[in-house]
Amino acid sequence: MLSLTKTEIRALYKKKRAALSNDEVAFLSNAIFNNLINSFDFTTVKTLHCFLPIDSKKEIDTSFIINLSFHNKLRVFVPRVVGDTMESIEIDVNTQYEISKWGIKEPIKSLDNEEVKTFDICITPLLYADIKG
C-alpha cells in the first residue's frame, strides 16, 4: 500500500485541481452546491461565513451559496485580511470588491451593522480529505 505524506497529498491534489477545465470547475461547483442544499436545513440559519474563491487556483465557485443566502435573507460574511489578522466582513448584493495582494477577492468595506462573533454555517476551502478528515 502506497503511503503519502500530507505535503505529497496536497501537491498531488493541487495538480489535479489545476488540470480541471473551467467547465469542470463549474460542473463540480454546482454539484457541491446541490449537495450542500440537500444536506443541510437552512430554515434556522441566520448567519453564514463563506470563503471567496481564488479563480486562478480553480477553487469552487461559492457565488451559488452566497446568492442563495442573500435570497433567504441571511447575513453573509466573508474573510478579509487586514495587516496580520483576518476579519469577517459582512457583505450584501451591493458590496464592491478588490483583489488583494494575494490575488484574493475581498470586500472593499464592511456593512455598518452589529458585530457577529459566531456563525450558524462556516464554509471553508478544502483541497483534500480522507475518512479521518
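Three bridges join β1 to β6, and these two strands run parallel. I start with that pair, in what is a predicted model. One of the bridges can be named: Leu48 has Ile121 as its bridge partner in β6.

Now the sheet around that pair. Which strands make it up, and in what order? There are four, in the order β3-β2-β1-β6. The sheet is open, and its pairing is mixed. At the edges stand β3, residues 85-91, and β6, residues 121-123. Each edge strand has a single partner, so one side of each is left without a neighbour in the sheet. Ignoring direction, neighbouring strands here are turned against each other by 25° on average.

At the other end of that order, β2 and β3 run antiparallel, and seven bridges join them. Arg80 is paired with Glu87 of β3 in one bridge. The two strands form a hairpin with two residues between them, and there Gly83 takes a positive phi near 65°.

That brings me to backbone angles. Most residues other than glycine have a negative phi. Which residues depart from that here? One is Lys58, which is not a glycine and has a positive phi of about 60°. Lys58 sits in the loop between β1, residues 47-50, and α3, residues 63-71. Its relative accessibility is 21%, so Lys58 counts as partly exposed. The cut-off for buried is under 20%, so Lys58 at 21% does not meet it.

Another is Lys73, with a positive phi near 65°. Lys73 is placed in the loop between α3 and β2, the latter being residues 75-82. Lys73 has 73% relative accessibility and therefore counts as exposed.

Next, the helices. Helix α2, residues 22-39, packs with α3 at an angle of about 40°, and the axes are 9 Å apart. Is that parallel or oblique? At that angle α2 is oblique to α3. The cut-off for roughly parallel is under 35 degrees, so an angle of about 40° falls outside that class.

Which residues make the contact? From α2 there are Ser29, Asn30, Phe33, Leu36 and Ile37, and from α3 there are Phe64, Ile65 and Leu68. By class, six of the contact residues are nonpolar, two are polar and none is charged.

Staying with α3, I want to pick out Phe70, which lies in that helix. Is Phe70 buried or exposed? Its relative accessibility is 17%, so Phe70 counts as buried. Leaving aside residues up to four places away in sequence, Phe70 touches Val76, Ile91, Asp92 and Val93. Of these, Val76 falls within the residue range given for β2, and Ile91 falls within the range given for β3. As for Val45, it is 25 residues from Phe70 in sequence, and the two C-alpha atoms are 12 Å apart in space.

Then the cysteines. A disulfide is a covalent bond between the sulfur atoms of two cysteines. How many disulfides does the structure have? A search of the whole structure finds zero. For Cys50, the nearest cysteine sulfur is that of Cys122, 8.4 Å away, and Cys50 is in no disulfide. The cut-off for a disulfide is sulfur atoms within 2.5 Å, so a separation of 8.4 Å does not qualify. Cys122 is likewise in no disulfide, with the sulfur of Cys50 as its nearest.

How do these cysteines stand in accessibility? Cys50 is buried, with a relative accessible area of 0%. Cys122, at 47% relative accessibility, counts as partly exposed. Cys50 falls within the range of β1, and Cys122 within that of β6, so this part of the talk returns to the strand pair I opened with.

Last, the overall picture. The protein has three helices and six strands. From the N terminus on, the elements run α-α-β-α-β-β-β-β-β. The C-alpha trace spans about 55 × 35 × 30 Å along its principal axes. Of the 133 residues, 29% are buried. Among contacts between residues at least 6 apart in sequence, 57% join residues at least 24 apart.

Definitions and conventions. Residues are numbered from 1 along each chain as its sequence is written. This is a predicted model: local features need pLDDT of at least 70, side-chain atom pairs count only at pLDDT 80 or more; totals for chains, interfaces and linings use all residues. Side-chain values use heavy atoms; hydrogens and water are left out. Buried means under 20% relative accessible area, exposed over 50%, partly exposed in between (1.4 Å probe, protein chains only). Axes are lines fitted to C-alpha atoms, for helices over the stretch in contact, and angles run from 0 to 180 degrees between N-to-C directions. Angles under 35 degrees count as roughly parallel, over 145 as roughly antiparallel, 65 to 115 as roughly perpendicular and the rest as oblique. Contact means heavy atoms within 4.5 Å. Ala, Val, Leu, Ile, Met, Phe, Trp, Tyr, Cys and Pro count as nonpolar, Asp, Glu, Lys and Arg as charged, and the others, Gly among them, as polar. Two strands pair if DSSP finds at least two bridges between them.
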